[in-house]
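Welcome, and thanks for opening your viewer. Load the model, pick a colouring you like, and we will go from the whole chain down to single side chains.

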Amino acid sequence: MTTTLQTRVIEAHPELVWQRLLGSVPPSKHGADGIVVRMRCLQDLQVDYELSTALDGVKIDDMLDAVVLLACACSRLDGTAVRYPTDHRQIDAKGLVMEIWG
């Protein structure tokens, strides 16, 4: 990562995105309740995705996380994503902003 790349490449975490979209910490993604909550969230947001074609070795929770990270990238472009920490910016020794998006 470089300071130039950091202007267009972001680090995001799916659990932060889910929490932002749902307004609270969702149930574990490893249980049926957590999967249903995440699928309903994407449906409510009218996020179009297709999970009917299973990928060998890829679990549904990981596919949902990938979809929500794409949604985060879109929200970063339209200005609705949230940067953590929200209140200040720390710079590391390489001059990179220490942040994660959700």
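Among contacts in the protein between residues at least 6 apart in sequence, what percentage join residues at least 24 apart? The answer is 50%. Keep in mind as you look around that this is a predicted model.

**Stop 1: the whole chain.** Show the cartoon and follow it from the N terminus: the elements run α-α-α-β-β-β-β, giving three helices and four strands. Switch to C-alpha atoms, and you will find that they fill a box of roughly 45 × 30 × 25 Å along the principal axes. Now turn on a surface. The accessible area comes to about 6,800 Å², with 55% of it belonging to carbon and sulfur atoms. Of the 102 residues, 27% count as buried.

**Stop 2: the helix pair.** Select residues 14–22, helix α1, together with residues 32–44, helix α2. Their axes lie 11 Å apart and the helices pack at an angle of about 65°, with α1 passing α2 in a left-handed crossing. To see what makes the contact, show side chains for Glu 15, Trp 18, Leu 21 and Leu 22 on α1, then for Val 37, Arg 38, Cys 41 and Leu 42 on α2. Sorted by class, this contact has six nonpolar and two charged residues, and no polar ones.

**Stop 3: the core.** Next, select Val 17, Trp 18, Ile 35, Cys 41, Leu 42, Leu 64, Val 67, Val 68, Cys 72, Ala 81 and Trp 101 as sticks. These eleven residues form the largest nonpolar core. Helices α1, α2 and α3 (60–78) each supply at least two of the core residues, and the largest share, four residues, comes from α3.

**Stop 4: Leu 42.** Centre on Leu 42 and hide anything up to four places away in sequence. What does Leu 42 touch beyond those neighbours? You should find Trp 18, Val 47, Tyr 49, Leu 64, Val 67 and Val 68.

**Stop 5: Cys 72.** Move on to helix α3, where Cys 72 sits. Is Cys 72 buried or exposed? Cys 72 counts as buried because its relative accessibility is 0%, and the cut-off for buried is under 20%. Setting aside neighbours within four places in sequence, bring up its contacts: Ala 12, Val 17, Ala 81, Trp 101 and Gly 102. As a last pick, draw a C-alpha to C-alpha distance from Cys 72 to Thr 86; the two are 14 residues apart in sequence and 16 Å apart in space.

Note on methods:
Residues numbered from 1 in each chain as written. Predicted model: local features only at pLDDT ≥ 70, side-chain atom pairs only at ≥ 80, totals over all residues. Heavy atoms only, no water. Axes fitted to C-alpha atoms, helices over the stretch in contact; angles between N-to-C directions. Left-handed = near helix turned anticlockwise from the far one by under 90°. Contact = heavy atoms within 4.5 Å. Nonpolar A, V, L, I, M, F, W, Y, C, P; charged D, E, K, R; others polar. Core = buried A, V, L, I, M, F, W, Y, C linked by side-chain atoms within 4.5 Å. Buried < 20%, exposed > 50% of the residue type's maximum accessible area, 1.4 Å probe, protein only. Areas by Shrake-Rupley, 256 points an atom, 1.4 Å probe, with all protein chains shown as cover.
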